[in-house]
Amino acid sequence: MSPFPPALDGETRTKLLRRARRYALLAEQAQDPELMRAYRDEAADCLHRAEPPRAR
């Protein structure tokens, strides 16, 4: 198995960016600090996964 994740196609990247935006909006609306943190973590994870692989 390759140490590098496979490149994302445009559709998958768009879906991840939309999901990140949705989680960020939910985090802004959350009343519970723990829930807010969880939504922010999910948004950050989606953004990280949407980034193109870095060249070494």
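User: Not counting residues up to four places away in sequence, which residues does Leu-17 touch?

Analyst: This is a predicted model, and the answer is read from its atoms. Leaving out residues up to four places away in sequence, Leu-17 touches Leu-47 and Ala-50. Leu-17 itself belongs to helix H1.

User: Is Leu-17 buried, exposed or partly exposed?

Analyst: Leu-17 has a relative accessible area of 33%, so it is partly exposed. As for distance, its C-alpha atom and that of Ala-43 are 8.6 Å apart, with their positions 26 residues apart along the chain.

User: Which residues of H2 are buried?

Analyst: The general idea first. An α-helix has 3.6 residues a turn, so residues three or four places apart point the same way. Now the case here. Ala-43, Cys-46 and Ala-50 are the buried residues in H2. They lie on the same side of H2, because the arc they cover around the axis is only 60 degrees. H1 is part of what covers the buried residues of H2.

User: What is exposed on the other side of H2?

Analyst: Pro-33, Glu-34 and His-48 are exposed there.

User: How does the length of H2 compare with what its 18 residues should span?

Analyst: Counting 1.5 Å a residue, the expected span is 26 Å, and the end C-alpha atoms are 26 Å apart, so the two agree.

User: How many salt bridges are there?

Analyst: The test is a distance: a side-chain nitrogen of Lys or Arg has to be within 4 Å of a carboxyl oxygen of Asp or Glu. By that rule there are 2 salt bridges. One joins the side chains of Glu-11 and Lys-15, with 3.4 Å from N to O. The other joins Arg-49 to Asp-45, where the closest N and O atoms are 3.5 Å apart.

User: Where do Glu-11 and Lys-15 sit relative to each other in the helix?

Analyst: Both are in H1, which covers residues 10–29; they are 4 residues apart, so about one helical turn separates them. Glu-11 counts as exposed because its relative accessibility is 52%. Lys-15 is partly exposed, at 49% relative accessible area.

User: Where do Arg-49 and Asp-45 lie?

Analyst: They are in helix H2, residues 33–50, also at a spacing of 4 residues, about one turn of the helix. Arg-49 has a relative accessible area of 42% and is partly exposed. Asp-45 is partly exposed as well, with a relative accessible area of 33%.

Methods: Residues numbered from 1 in each chain as written. Predicted model: local features only at pLDDT ≥ 70, side-chain atom pairs only at ≥ 80, totals over all residues. Heavy atoms only, no water. Helix = DSSP H or I, 4+ residues; strand = E, 2+ residues; numbered from the N terminus. Buried < 20%, exposed > 50% of the residue type's maximum accessible area, 1.4 Å probe, protein only. Expected span 1.5 Å × (residues − 1). Arc of directions from axis to C-beta. Contact = heavy atoms within 4.5 Å.
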